[in-house]
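Me: Got a minute to go through this one with me? I'll throw questions at you as I look.

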Amino acid sequence: MKTNASRLANVDTHSNASIPEMDGTRDHFIAAMAKAVTGVNLVTTDGRCGRCGVTVSAMSSVSADPPTVLVCVNTDSYASGVIENNGVFCVNVLGAEQQHIAEVFAGVGKLPPEERFARGEWSVGASGSPMLAGAVARFDCRVFRSHRVGSHRIFIGEVLQSSQGDGEALLYNQRQFGRPRFTSH
Ligand SMILES: Cc1cc2nc3c(=O)[nH]c(=O)nc-3n(C[C@H](O)[C@H](O)[C@H](O)COP(=O)(O)O)c2cc1C
């Protein structure tokens, strides 16, 4: 069998289950990325271009000094341009009981942007962005910088306010929602 590495080296290798095949294609990237466990976040925004939200797994802390986070949003999604133009967003880290909200804001049911907010209870953060009641954490941000990389735009947010709630976080792995099961020693 020829693997990518062996193609480079121009040698044959024997098939071996302990050495997974490497592949540089988009399909293999997506399949491999599905193995990564993530939280589920609802990124919301409001301002001169209106109110909307999008479900996002690509969220990370960037810096604690000063508090900074990033989210990656597909430029094809309605929310990407609205966040860019409003210049603000709030990351609502969803709780285990909020899968239905994740689904609505991922486009299930294809509701118009404003109607998606019929689910959930909302308040308004310092940035003007919607903040979801019952979220396990919330990071209300002003866009510090944004960079387009391939299909997505990375929004780096200066955190204006953080808050935390109770309960377990909603998880996502291999295209399924779940909840944490911690091991104890
Ligand atoms: C669990 C989950 C995680 C997702 N993560 C991302 C993400 O990190 N970035 C992104 O752009 N879209 C992500 N999506 C897809 C968007 O939520 C979805 O494509 C988008 O809301 C649909 O676009 P629309 O709102 O314009 O209909 C995710 C969807 C789900 C269900």
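Me: Which residue of β6 does Thr44 stand opposite?
Reply: Thr44 stands opposite Cys90 in β6. This is a predicted model, by the way.

Me: How do β2 and β6 pair, and over how many bridges?
Reply: Antiparallel, over four bridges.

Me: And β6 with β9, how many bridges there?
Reply: Six bridges join β6 to β9, residues 137-149. That pair runs antiparallel too. Val91 of β6 stands opposite Phe139 in β9.

Me: How many residues of β6 are buried?
Reply: Six of its six. Val88, Cys90 and Asn92 point one way from the strand. Phe89, Val91 and Val93 point the other way. Both sets are buried.

Me: What does Phe89 touch?
Reply: Leaving out residues up to four places away in sequence, Phe89 touches Val43, Thr44, Thr45, Ile83, Ser129, Cys141, Val143, Phe155 and Gly157.

Me: Which residues have the most contacts inside the largest nonpolar core?
Reply: Val43, Val71, Val73, Phe89, Val91 and Cys141. That core has 31 residues. β6 gives the most to it, with five residues.

Me: Why would nonpolar side chains be buried together?
Reply: It's a general tendency in soluble globular proteins.

Me: OK, helix α3. Which of its residues are buried?
Reply: The helix covers residues 78-86, and the buried ones are Ala79, Ser80, Val82, Ile83 and Asn86. They pack against β2 (41-45), β3 (52-56), β5 (67-74), β6 (88-93) and β10 (152-164).

Me: What happens just after α3?
Reply: Gly87 takes a positive phi there, about 75 degrees.

Me: Switching to the ligand. How many residues surround it, and which are closest?
Reply: 18 residues surround the ligand. The closest are Thr55, Ala58, Asn74, Ala106 and Gly107. The elements that give two or more residues to that shell are β3, β5 and α3.

Me: What's the shell like by class?
Reply: It has 12 nonpolar and six polar residues, and no charged ones.

Me: Back to β5. What are its pairings with β4 and β10?
Reply: With β4, residues 59-64, β5 pairs in the antiparallel sense over five bridges. A hairpin joins β4 to β5 through two residues. Ala64 stands opposite Pro67 in β5. Seven bridges join β5 to β10, again antiparallel. On that side, Val69 stands opposite Gly157 in β10.

Me: What order do the strands take in the open sheet of three?
Reply: β1-β11-β12, with antiparallel pairing. The edge strands are β1 (38-39) and β12 (176-178), and each pairs on one side only. Three bridges join β11 to β12. Asn173 has Gln176 in β12 as its bridge partner.

Me: Where is Asp166, and is it buried or exposed?
Reply: Asp166 lies in the loop between β10 and β11 (171-173). Asp166 is exposed.

Me: Why call it that?
Reply: Because Asp166 has 7 other C-beta atoms within 10 Å, and a residue counts as exposed at 12 or fewer.

Me: What is the C-alpha distance from Asp166 to Gly134?
Reply: 7.6 Å, though they are 32 residues apart in sequence.

Me: And Ala169, where does that sit?
Reply: Ala169 is also found in the loop between β10 and β11. Ala169 is partly exposed, because it has 18 other C-beta atoms within 10 Å, and the buried class starts at 20.

Me: What is Ala169 in contact with?
Reply: Setting aside neighbours within four places in sequence, Gly39, Val93, Gly95, Ala96, Val136 and Pro180. The C-alpha atoms of Ala169 and Val93 are 7.3 Å apart, with their positions 76 residues apart along the chain.

Me: Zoom out. How many helices and strands are there?
Reply: Four helices and 12 strands. The protein has 185 residues, and 29% of them are buried. Among contacts between residues at least 6 apart in sequence, 61% join residues at least 24 apart.

Me: What's the average pLDDT?
Reply: 91, and 88% of the residues score at least 70.

Me: Where does pLDDT stay under 50?
Reply: Over residues 1-16. The model has 15 contacts beyond four places in sequence for that stretch.

Conventions. Residues are numbered from 1 along each chain as its sequence is written. This is a predicted model: local features need pLDDT of at least 70, side-chain atom pairs count only at pLDDT 80 or more; totals for chains, interfaces and linings use all residues. Two residues are in contact if their C-beta atoms, placed from the backbone, lie within 7 Å. A residue is near a molecule or strand if its C-beta atom, placed from the backbone, lies within 6 Å of it. Ala, Val, Leu, Ile, Met, Phe, Trp, Tyr, Cys and Pro count as nonpolar, Asp, Glu, Lys and Arg as charged, and the others, Gly among them, as polar. A nonpolar core is a set of buried Ala, Val, Leu, Ile, Met, Phe, Trp, Tyr and Cys residues joined through C-beta atoms within 7 Å. pLDDT is the predictor's confidence in each residue, from 0 to 100. Two strands pair if DSSP finds at least two bridges between them.
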